[in-house]
Amino acid sequence: MGKTRVQMTEELTLRNLSENTKKAYLRVAKSFVKRFWLPAEELGEREVRAYLLERMETVKPATVALERAALKFLFEKTLQRPEVFA
């Protein structure tokens with residue numbers, strides 16, 4: 001996630017988000033990419049849906065909401081791919 005992580009960190013910083021939010025969003029992005037063993041640029045709507053559905057079985061709804069927000073940020077702001085969340 002090297003280049004994407006740097007881009008995401010820059011986007012989070014430009015939006016003046018808190019350090020806790022930055023850490024949480026980066027943690028989610030790393031977990032998401034690690035789950036599929038592919039670069040974030042190669043993942044899309046199908047993988048997001050599968051990831052969130054899996055997470056809904058094991059974590060609280062508030063955690064899933066945070067993870068959804070983090071993935072939305074990743075795709076819309078960092079990767080410039082809003083169609084993934086359309």
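Hi everyone, let's start with helix H1: it has 13 residues and spans 19 Å from first C-alpha to last, close to the 18 Å expected at 1.5 Å a residue. Before I go on, please keep in mind that this is a predicted model.

So which residues of H1 are buried? They are Thr4, Met8 and Leu12. These residues cover an arc of only 70° around the axis, which puts them on the same side of H1. Turn to the other side of H1 and you find Lys3 and Leu14 exposed. And what do the buried residues pack against? Their partners are H2 and H4. Just after H1 comes asparagine 16, with a positive phi of about 55°.

Now let's move along to helix H4, residues 61-78. H4 has 18 residues and reaches 25 Å between its end C-alphas, close to the 26 Å expected at 1.5 Å a residue. The buried residues here are Val64, Glu67, Ala70, Leu71, Phe73, Leu74, Phe75 and Thr78. Their cover includes helix H1 (2-14), helix H2 (19-36) and helix H3 (45-56). After H4 we meet glutamine 80, where phi is again positive, near 55°.

You may have spotted a glutamate in that buried list, Glu67. How buried is glutamate 67? Its relative accessible area is 1%, and under 20% counts as buried. What does its side chain meet? Glutamate 67 forms a salt bridge with arginine 55, at 2.8 Å from N to O. Glutamate 67 lies in helix H4 and arginine 55 in helix H3, so this pair ties together parts twelve residues apart in sequence. Arginine 55, for its part, is partly exposed, at 23% relative accessibility.

That brings me to the salt bridges in general. How many does the structure hold? The count is seven, and I'd like to show you two others.

One of them joins arginine 35 and glutamate 54, with the closest N and O atoms 2.6 Å apart. Since arginine 35 sits in helix H2 and glutamate 54 in helix H3, the pair ties together parts that are 19 residues apart in sequence. Both ends are partly exposed: arginine 35 has 36% relative accessibility, and glutamate 54 has 31%.

The other pairs arginine 81 with glutamate 83, and there the closest N and O atoms are 3.5 Å apart. Glutamate 83 is partly exposed, with a relative accessible area of 48%.

That's my tour, thanks for listening, and I'm happy to go back to any of these residues on the screen.

Conventions: Residues are numbered from 1 along each chain as its sequence is written. This is a predicted model: local features need pLDDT of at least 70, side-chain atom pairs count only at pLDDT 80 or more; totals for chains, interfaces and linings use all residues. Side-chain values use heavy atoms; hydrogens and water are left out. Helices (H or I, at least four residues) and strands (E, at least two) are DSSP runs, numbered from the N terminus. The expected span of a helix is 1.5 Å times one less than its number of residues. Buried means under 20% relative accessible area, exposed over 50%, partly exposed in between (1.4 Å probe, protein chains only). Contact means heavy atoms within 4.5 Å. A salt bridge is a side-chain nitrogen of Lys or Arg within 4 Å of a carboxyl oxygen of Asp or Glu. The arc is that of the directions from the helix axis to the C-beta atoms.
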